[in-house]
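Me: I am new to this structure. Please take me through it step by step.

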Amino acid sequence: MNLRSLEYFLVVTEEMSFSRAAERLFITQQALSSHIKRLEDEYDAVLFHRKPTLSLTQKGEELRYWANRILSAEKNLRANLYDIGTNCRGHIRLGVARLRANRMMPEIMSRYSKIYPNVSIEVADGNTDVYQGLLQDNKLDMYIGSNVDVRANEVELRLVSEAIWACATPELLERHLAESGRTLDEFLAEGADIRTLPKIPLLVHQSSNRSRRDLDRFYYDAGIRPNVYFECNSQPLLYDLAKRGMGMAFLSPIVLYSSWKETNGQLPNLCAFSLGKSLPKRALSLVYHRDDPMPQFARDFICVAQEVFASYGRLLDFEERFHGNNS
């Protein structure tokens, strides 16, 4: 068995073109065809239909499945052999959304690099559905997803449960509460019910976002037409607008994480509270293949990620400090 031929075969299955695959591999089309012919001779199987367009035969589909697994196993073998040495080297392909990566990966890497300075990390941006497909195709080693529908060949490690948070400047809240003759202290003490602020300008995700759909359903059930002032899918931008007093933003608490850490659980000129009793929570999990052997450096990466997310989860306990538990 020639592993390089299997690698070249998989590139052809991705491009579904010998010319594009050869260009991507920086080899001639004739050399690439020789590798595919070698596989077909070795397994006594026709792997591709050539007409009317290039496509996989049933045996080609079967080889694609096993080629991914064989190459993944070989990668793990190399990683484990590296583990035996004192100067461990390796590579981890991790799927994690950009926002969580920006907030969590600096701390994870700060801890992990002290243990494994020669292990490289490749981060792929996307969403949970994309990551699950990449994991099944052995293009990721693990991913961090939200509300994962775990498959039979996957292992799920729960990291933390997140509620959506609302935040606004005290001045904005007081101005809108004054219309009903209530104070900010009363609003917070009574559970920070956002239904009592029907006219406050809202800074929200766009309607395609799952959290936005949950928020729309909440207002619809309450018989309120919300005053949506600004929509975008950049939570840091929504947070910045909220700090400027332009509206009440609805955010994942991961956006507030850095400020919490830097200010011991306080937010400068902002009142923030959890909506965990009003809107569905999201479970964040780390997921990897059940059947694939995992090198020690990858297992240790998972342990570090769990520790960092556990610290983040403890910060979410500041809900009581923000009077958010009864919202």
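Reply: On a 1 Å grid over the protein atoms alone, a cavity is a set of points where a 1.4 Å probe fits but cannot get out; a pocket is an open set with protein on both sides within 12 Å along at least five of seven lines; lining residues have an atom within 4 Å of a point. Grid points are joined across faces, edges and corners, and a volume is the space filled by probe spheres set on the points. This is a predicted model, where local features need pLDDT of at least 70 and side-chain atom pairs pLDDT 80 or more, while totals for chains, interfaces and linings use all residues. Residues are numbered from 1 along each chain as its sequence is written, and side-chain values use heavy atoms, leaving out hydrogens and water.

Me: How much space lies in the second largest cavity?
Reply: Cavities are counted here from 30 Å³ upward, and the structure holds 2 of them. The second largest has a volume of about 90 Å³.

Me: Which helix gives the most to the lining of the second largest cavity?
Reply: Residues lining this cavity include Ile164, Val204, His205, Gln235 and Phe250. Ser211, Arg212 and Leu215 are also among them. Helices (H or I, at least four residues) and strands (E, at least two) are DSSP runs, numbered from the N terminus. With 3 residues, the top contributor is helix α9 (residues 210–221).

Me: How many residues in the lining of the second largest cavity are charged?
Reply: Ala, Val, Leu, Ile, Met, Phe, Trp, Tyr, Cys and Pro count as nonpolar, Asp, Glu, Lys and Arg as charged, and the others, Gly among them, as polar. This lining has 5 nonpolar and 4 polar residues. The charged residues number 2.

Me: What is the volume of the largest pocket, and which element gives the most to its lining?
Reply: The largest pocket holds about 770 Å³ of space. Its lining has 27 residues, with Ala97, Arg100, Gly126, Asn127 and Asn209 nearest the centre. By class, 6 are nonpolar, 15 polar and 6 charged. The volume is about 770 Å³, and the element that gives the most, 4 residues, is α5.

Me: Which elements each supply at least two residues of the lining of the second largest pocket?
Reply: The second largest pocket measures about 360 Å³. Of its 15 lining residues, Leu10, Asn68, Leu71, Arg93 and Asn138 are closest to the centre. The largest share, 5 residues, comes from α4. Those that each supply at least two are α1 (3–15), α4 and β3 (90–95).

Me: How many residues in the lining of the second largest pocket are charged?
Reply: Sort this lining by class. It has 3 nonpolar and 4 polar residues. The charged count is 8.

Me: Is Glu62 buried, exposed or partly exposed?
Reply: Glu62 sits in helix α4 (residues 58–84). Buried means under 20% relative accessible area, exposed over 50%, and partly exposed in between (1.4 Å probe, protein chains only). Glu62 has 47% relative accessibility, so it is partly exposed.

Me: What kind of aromatic pair do Tyr112 and Tyr116 form?
Reply: Rings of Phe, Tyr and Trp (its six-membered ring) pair if their centres lie within 6.5 Å; planes under 30 degrees apart count as stacked, over 60 as edge-to-face and the rest as tilted. By this rule there are 11 aromatic pairs. For Tyr112 and Tyr116, the centres are 5.2 Å apart, with 35° between the planes, and the pair is tilted.

Me: Is Tyr112 buried or exposed?
Reply: Look at its relative accessible area. The value is 0%, so Tyr112 is buried.

Me: How many residues apart are Tyr116 and Phe297?
Reply: These two form an edge-to-face pair, 6.5 Å centre to centre with 65° between the planes. Tyr116 lies in the loop between α5 (98–115) and β4 (119–124), and Phe297 in helix α12 (residues 296–315). Tyr116 is buried at 12% relative accessibility, and Phe297 is buried at 2%. The pair links distant parts of the chain, with a separation in residues of 181.

Me: Which strands stand at the edges of the open sheet of 5 strands?
Reply: Two strands pair if DSSP finds at least two bridges between them. The order is β9-β8-β10-β7-β11, with mixed pairing. Each edge strand has a single partner, so one side of each lacks a neighbour in the sheet; these strands are β9 (227–231) and β11 (271–274).

Me: What is the bridge partner of Leu202 in β9?
Reply: Strand β8 (residues 201–204) pairs with β9 in the parallel sense, over 4 bridges. In β9, the partner of Leu202 is Val228.
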